Amino acid sequence: MKYVLVTGGVVSGLGKGVTASSIGVVLKACGLRITSIKIDPYLNMDAGTMSPFEHGEVFVLDDGGEVDLDLGNYERFVDVTLTRDNNITTGKIYQSVLEKERRGDYLGKTVQVVPHITDAIKNWIESVSAIPVDGKEGPPDACVIELGGTVGDIESMPFIEALRQLSFSVGPDNFCLIHVSLIPVLGVVGEQKTKPTQHSVRELRALGLTPHLLACRSAQPLLDSTKEKLSQFCHVPAGNILNIHDVPNIWHVPQLLQSQNAHNAILKQLNCLRIATPPHLQEWMKRAETYDNLTNSVRIAMVGKYIGLTDSYLSVVKALLHACISCSLKPSVDWIAASDLEDESAKLTPEAHAAAWETLKNAACVLVPGGFGDRGVQGMILAAKYARKNHIPYLGICLGMQISVIEFARSVLGLSKANSTEFDDSTPDPVVIFMPEGSRTHMGNTMRLGSRRTFFQTPDCVSSQLYHNSEYVDERHRHRYEVNPDVVDKLEGAGLKFVGKDESGKRMEILELSSHPFYVGAQFHPEFKSRPGRPSALFLGLVLAATGQLEAYINNHQNGS
């Protein structure tokens, strides 16, 4: 097994995830089979209980793992299907060691960070890196490991030590360390400063790891003099100093690495030049250039709770991007705080209220993504009502589907107090209820999680046609509450059709409003399986409907063209 370790220095948020993903893309283009591991040094067992404001979105895997959003980047870039074990956290490591200690596996020894925690980390990495994630049999050729945080953080020290030991045990031909660092420009003179990177590399070397390549983040391309200085003081050959400067879109990054021969430097370090082929990145280059040259756009109103941090909806934004590009459009996402649409907002913040409604009315389509808790729910209901009554294409995901059911029950069925028991546990008309595939008290890892099968109830529904007339579809879930099966007949009698259900027929998965050009709700999260070049069916349907192309698209596919 070959290991490529990506660490970060100077500041967080440099783009280690995109860099690690792009390295995976380039190595895969050279013919290597790739897997990825993300190390998060926090004490949480997983990302499941973290606020989106704190850590961005929670990405859900096929096996139900709630993981860091960087694993979403890996899946989208390298086109693999990862497992919960591909995300290592301090919490997971300590739990596994403490469980062994309680069982008496250490035979009375004093359990310590070194060697017991570090051994657990090494064993985890070595066992997970051997699991195939590309649908083929046999272990991958290389594992790209991203160490979260910044070199020097106290919490990442056990991982640094474990990785130092791993590099020694596997040998120099099987380990390549790439250090991502910042080259800032200060003052009006505009000189590129290397000192922060020098200090960062010195810190890394003091901990026993020496970088083989430097990936330098900067606004503008690095000057030759800057590279020479970095090479001299960081003990890295000038040819191994990569410059990842700002680009129009992140799909340029694999091409940027290839143009600097990053693949040759990595393959040489890993002694893989003999088995590798020249990288074929034409598809990535074409995709990046296509996006840069797009001129037409479509306005999408995103009505959510966590709009203060766009990473809270990263996969939704990426799914919209994939769908728009397949329609030769640029996505123009208008973020609307759901609470700004509410009547209360008209009294407290009238300007924000007016601006939110103007934005909503100027959009070509409306998307209400997932979320938890009752804040902003009334605003989402108003957005769903506006889209339904004015025949504006609407896609509701998870909570967004539940919102459309509550709105329909109130407005069409006349159940003015219809609600979800999540928001009002004493509602007389519970149209959305807690469905027992989890626990009410424990928050972590208790939901209906991971890939589940949805069966289409009728072949002529829009959703089935978008999924190419499949009988069923496997999509990823993350929720506790679902549509109450007892009210389904009433809702369907009034025109809200549940066209997708689980194998039992009791869990409603997809809804459609037949009298509407595109009014779709999905209990699952289709955004998690969207890929560049293979957009999610429901997101594609939303964009096609917003631009008046949906009917033609469906007709073309039905005719086999």
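## Pockets, cavities and buried residues in a predicted model

Helix α1 makes the greatest contribution to the lining of the largest pocket, supplying three residues. The structure described here is a predicted model.

**The largest pocket**

The largest pocket encloses about 610 Å³ of space. Its lining comprises 27 residues, and those closest to the centre of the pocket are G13, D68, L69, D70 and D311. At least two lining residues come from each of α1 (16–29), β2 (34–40), α2 (52–55), α3 (70–78) and α12 (314–326). Sorted by class, the lining of this pocket consists of ten charged, nine polar and eight nonpolar residues.

**Cavities and the surroundings of Q523**

Across the whole structure, two cavities of 30 Å³ or more are found. The largest cavity has a volume of about 60 Å³. Lining the largest cavity are G371, F372, C398, L399, Q402, E422, H479, R480 and Y481. The class composition of that lining is four nonpolar, three polar and two charged residues.

Q523 is situated in the loop between β23 (519–522) and α19 (537–546). Because its relative accessibility is 0%, below the 20% limit, Q523 is classed as buried. Which residues does Q523 touch, not counting residues up to four places away in sequence? They are C398, M401, Q402, H477, H479, Y481, E482, M508 and E509. One of these partners, Q402, also makes a polar contact through its side chain with the side chain of Q523, at 3.3 Å. Q402 is in addition one of the residues that line the largest cavity, as are C398, H479 and Y481.

**Helices α9, α10 and α11**

P254 belongs to helix α9, which spans residues 253–259. With a relative accessibility of 0%, P254 counts as buried. Setting aside neighbours within four places in sequence, the contacts of P254 are with S22, V25, V26, F77, L281 and W284. Of these, S22, V25 and V26 fall within the range of α1 (16–29), while F77 falls within that of α3 (70–78). P254 is also paired in space with T19: the two are 235 residues apart in sequence, and their C-alpha atoms are 8.2 Å apart.

Helix α10 covers residues 262–269, and its buried residues include A262, H263, A265, I266 and L267. The cover over the buried residues of α10 includes the helices α1 and α9. It also includes the strands β1 (2–8), β7 (175–182), β10 (213–218) and β11 (241–245). Just after α10, N271 adopts a positive phi of about 55°.

A288 lies in helix α11, residues 282–293. This residue has a relative accessible area of 0% and is therefore buried. Apart from residues up to four places away in sequence, A288 touches N249, W251 and H252. The C-alpha atoms of A288 and I250 are 8.0 Å apart, with the two positions 38 residues apart in sequence numbering.

**Helix α15**

A387 is placed in helix α15, residues 377–389. A relative accessible area of 0% makes A387 buried. Excluding neighbours within four places in sequence, A387 is in contact with V366, I392, Y394 and H516.

The C-alpha separations of three residue pairs are set out below.

| Residue pair | Separation in sequence | C-alpha to C-alpha distance |
|---|---|---|
| P254 and T19 | 235 residues | 8.2 Å |
| A288 and I250 | 38 residues | 8.0 Å |
| A387 and L309 | 78 residues | 25 Å |

**Cysteines**

How many disulfides does a search of the whole structure find? The search finds zero. C30 takes part in no disulfide, and the nearest cysteine sulfur, belonging to C272, is 9.9 Å away. Since a disulfide requires two cysteine sulfur atoms within 2.5 Å, that distance is outside the cut-off. C30 counts as buried, at 1% relative accessibility. C324 is likewise in no disulfide, with the sulfur of C327 as the nearest cysteine sulfur at 6.8 Å. At 0% relative accessibility, C324 is also buried. The position of C324 falls within the range of helix α12 (314–326).

Methods:
Residues are numbered from 1 along each chain as its sequence is written. This is a predicted model: local features need pLDDT of at least 70, side-chain atom pairs count only at pLDDT 80 or more; totals for chains, interfaces and linings use all residues. Side-chain values use heavy atoms; hydrogens and water are left out. Helices (H or I, at least four residues) and strands (E, at least two) are DSSP runs, numbered from the N terminus. Buried means under 20% relative accessible area, exposed over 50%, partly exposed in between (1.4 Å probe, protein chains only). A polar contact is a pair of N or O atoms within 3.5 Å; within protein, one must be able to donate a hydrogen and the other to accept it, and residues adjacent in sequence count only if both atoms are side-chain atoms. Contact means heavy atoms within 4.5 Å. On a 1 Å grid over the protein atoms alone, a cavity is a set of points where a 1.4 Å probe fits but cannot get out, and a pocket is an open set with protein on both sides within 12 Å along at least five of seven lines; lining residues have an atom within 4 Å of a point. Grid points are joined across faces, edges and corners, and a volume is the space filled by probe spheres set on the points. Ala, Val, Leu, Ile, Met, Phe, Trp, Tyr, Cys and Pro count as nonpolar, Asp, Glu, Lys and Arg as charged, and the others, Gly among them, as polar.
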